[in-house]
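I opened this notebook to keep track of what I looked up in the structure, entry by entry. The entries go from the whole chain to helix pairs and then to single residues.

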Amino acid sequence: MRPSLNAKDINEFNRFYNQPVEDQESFSLPSINNPNSNQLLYADCGQQTQFSALKHNQYCYVESSTGNSNELVSDSPPVDTFFAGDNSMMHQGSDSCPSDMHHSPNDTYHSSGNSSCFTSDGTGLKHKLKELETAMLGPDSESLESYNTTPLAAANQISSESDKWVDMMEMMPNGDLKQVLIACAKAIADNNLVTAEWLMSELRTVVSVCGSPMQRLGAYMLEGLVARLASSGSSIYKALRCKEPTSVELMSYMHLLYEICPYFKFGYLSANGAIVDAVKEENTIHIIDFQIAQGSQWITLIHALAARPGGPPRIRITGIDDSTSAYARGGGIEIVGRRLSSIAASCNVPFEFHSVAASCSDVEIEHLKVRPGEPLAVNFALVLHHMPDESVGTKNHRDRLLRMVKSLSPKIVTLVEQESNTNTVQFFPRFLETLNYYLSIFESIDVALPRDHKQRINVEQHCLAREIVNIIACEGAERVERHELLERWRSRFLMAGFNPYPLSSSVNATIKTLLENYYQSYTLDERNGALYLGWMNRDLVASCAWK
């Protein structure tokens with residue numbers, strides 16, 4: 001899904017085309033990929049927020065206060081009821097450690113996640129031990145302390161349960177929310193349900209969609225863990241709604257994410273720059289966009305080509321998209337075609353639009369209407385990771401699409417993908433990868449907007465949370481968020497017969513200029529013909545081109 005343009009973008013793209021070729025800077029608008037946009041997970045968060053996985057409300061709630069709570073204790077009052085959008089009914093959590101009410105973007109993040117304090121005093125710890133002992137051995141059992149002097153036979157009788165108890169306590173580090181989340185995921189991976197459920201009860205008192213980056217991410221990670229235990233990940237990904245925004249609202253959330261974080265600008269700027277470079281001498285251009293969404297990426301291209309010396313080329317765009325983008329778009333792909341055609345007409349650019357209303361997995365070569373001899377550019381921007389491969393079933397659409405595109409002899413193929421490894425790895429390492437990756441995303445959002453900013457909360461809930469839940473809770477064909485590292489994508493492209501297409505130096509320079517408008521912790525690295533945008537020491541988005 002792609003947010004609408006602003007005048008600044010169009011003016012900058014026009015400036016690009018009015019320069020000599022060797023000095024040109026190219027860019028474009030993003031497409032924020034958000035499958036199943038009509039499915040929303042969490043309650044609206046104002047001054048106080050709670051969420052739950054509906055049927056599993058014994059585990060998963062969120063309490064949020066207006067402060068930027070960096071520390072919370074585990075004896076916060078429990079949440080009894082889930083009310084979507086009714087803040088008057090929500091608990092006023094008062095048992096909290098001192099909060100940093102004045103968050104500063106100058107804070108340095110190291111992705112440690114040490115953002116909450118669990119009960120650490122002797123009395124509280126004994127209470128938790130007794131609570132755990134009762135849960136594991138039953139309410140009428142003797143205290144474990146009484147077995148210190150019991151015969152060996154009695155000790156052996158409870159050895160298995162006591163070992164679990166000791167292991168559980170060792171997995172509860174002092175005050176480290178990130179490590180408790182990891183311990184909970186490990187318990188689920190080991191099928192230790194007693195431990196997992198107890199840790200969930202602890203976690204629900206400290207996660208918060210209005211707190212620190214780790215608290216906010218922890219809320220959605222916890223929701224994913226609950227859904228995994230209940231085998232309801234697919235239901236949540238596809239159907240769970242606490243408050244469904246209108247299409248206009250959803251577009252505003254995606255546009256805000258585009259404005260406050262450079263990840264999408266980076267991806268589409270580099271992709272458009274490579275396309276412009278590849279077709280700069282052509283009089284006709286056929287662009288195949290495998291996820292057209294709003295079509296906003298191509299508006300800047302139309303405006304820029306209209307100002308090209310010697311006159312604009314004839315542009316033909318084939319837009320592919322299924323029904324998942326229709327909600328945010330407000331209708332079918334024909335809306336995109338009419339919009340782009342109107343813009344092209346206003347710029348006196350010959351234009352033709354062809355729509356393919358289908359999932360990429362179902363696209364065949366005859367859908368693309370490629371004409372003999374026409375220069376072809378293919379855009380794979382944040383879409384290939386949704387294609388199932390050989391690890392999911394017998395049909396490897398991920399590689400099939402690449403072979404099909406190669407058979408069309410395109411002048412250029414652009415690839416933009418998240419630099420994360422969640423495709424074939426097992427649950428626990430996948431959880432760790434997701435935790436570290438999205439923590440960097442949440443930290444970068446944190447320096448751009450205040451923690452109690454209502455729109456920030458909506459951005460994270462409606463644009464990011466669904467991905468997180470799907471990665472953690474779902475398996476098989478139901479897990480559609482299947483990211484791969486660029487090195488794996490490189491192998492796939494090479495096996496399909498592609499060769500790398502070098503990105504121009506002007507693209508790199510433009511992206512460096514772009515990053516000057518953002519927080520200093522963003523990084524840009526060029527390696528092996530590809531560009532990587534990251535947060536601190538973590539690569540987050542990679543972009544490259546092929547021919």
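Entry 1, the chain as a whole. I began with the secondary structure and found 17 helices and nine strands in the protein chain, keeping in mind that this is a predicted model. I then looked up burial, and of the 547 residues of the protein chain, 58% count as buried. For the contacts, I took those between residues at least 6 apart in sequence, and noted that 79% of them join residues at least 24 apart.

Entry 2, cysteines. I searched for disulfides and the structure holds zero of them. I also looked up two cysteines by accessibility: Cys210 counts as buried because its relative accessibility is 1%, and Cys261 is buried as well, with a relative accessible area of 0%.

Entry 3, helices H14 and H15. How do the axes of H14 and H15 cross? I found that the axes of helix H14, residues 427–446, and helix H15, residues 454–473, come within 10 Å and cross at roughly 165°. Since angles over 145 degrees count as roughly antiparallel, H14 is therefore roughly antiparallel to H15. I noted the handedness of this crossing as right-handed. On the H14 side, I listed Phe427, Arg430, Phe431, Thr434, Tyr438, Ile441, Phe442 and Ile445 as making the contact, and on the H15 side Arg456, Glu460, Leu464, Glu467, Ile468, Ile471 and Ile472. Sorted by character, the residues of this contact between H14 and H15 come to 10 nonpolar, one polar and four charged.

Entry 4, helices H9 and H10. I went on to helix H9, residues 263–278, and helix H10, residues 297–306, whose axes come within 11 Å and cross at roughly 40°. H9 and H10 are therefore oblique to each other, and H9 passes H10 in a right-handed crossing. The residues I recorded for the contact are Tyr268, Ala271, Asn272, Ile275 and Val276 from H9, together with Gln297, Trp298, Thr300 and Leu301 from H10. Which classes do the residues of the contact of H9 with H10 divide into? I counted six nonpolar and three polar residues there, and no charged ones.

Entry 5, helix H13. I looked up how far helix H13, residues 397–406, is covered, and found that it is mostly so, with eight of its 10 residues buried. The buried residues of H13 are His397, Arg398, Asp399, Arg400, Leu401, Leu402, Met404 and Val405. As for what they meet, I noted that the buried residues of H13 pack against strand S4 (376–381), strand S5 (412–418) and helix H16 (486–495).

Entry 6, Ile333. I placed Ile333 in the loop between helix H11 (326–329) and helix H12 (334–346). Is Ile333 buried or exposed? Ile333 counts as buried because its relative accessibility is 5%, the cut-off for buried being under 20%. Leaving aside the neighbours within four places in sequence, I found Ile333 in contact with Ile292, Gly319, Ile320, Asp321, Phe353, Ser355, Val356 and Ala357. For one of these partners, Ile292, I also looked up the separation: Ile333 and Ile292 are 41 residues apart in sequence and 8.1 Å apart in space, C-alpha to C-alpha.

Entry 7, Leu222. I located Leu222 in helix H6, residues 213–229, where Leu222 counts as buried because its relative accessibility is 0%. Its C-alpha atom is separated by 7.6 Å from that of Leu203, and the two residues are 19 apart along the chain.

Entry 8, backbone angles. I checked two residues for positive phi, beginning with Ala293, whose phi is near 50°, a positive value in a residue other than glycine. Ala293 is found in the loop between strand S1 (284–289) and H10, and it counts as buried because its relative accessibility is 0%. The other residue I checked was Met536, which has a positive phi of about 55° although it is not a glycine. Met536 lies in the loop between strand S8 (530–535) and strand S9 (538–546), and I noted Met536 as partly exposed because its relative accessible area is 23%.

Conventions. Residues numbered from 1 in each chain as written. Predicted model: local features only at pLDDT ≥ 70, side-chain atom pairs only at ≥ 80, totals over all residues. Heavy atoms only, no water. Axes fitted to C-alpha atoms, helices over the stretch in contact; angles between N-to-C directions. Helix = DSSP H or I, 4+ residues; strand = E, 2+ residues; numbered from the N terminus. Parallel < 35°, antiparallel > 145°, perpendicular 65-115°, else oblique. Left-handed = near helix turned anticlockwise from the far one by under 90°. Contact = heavy atoms within 4.5 Å. Nonpolar A, V, L, I, M, F, W, Y, C, P; charged D, E, K, R; others polar. Buried < 20%, exposed > 50% of the residue type's maximum accessible area, 1.4 Å probe, protein only. Disulfide = S-S within 2.5 Å.
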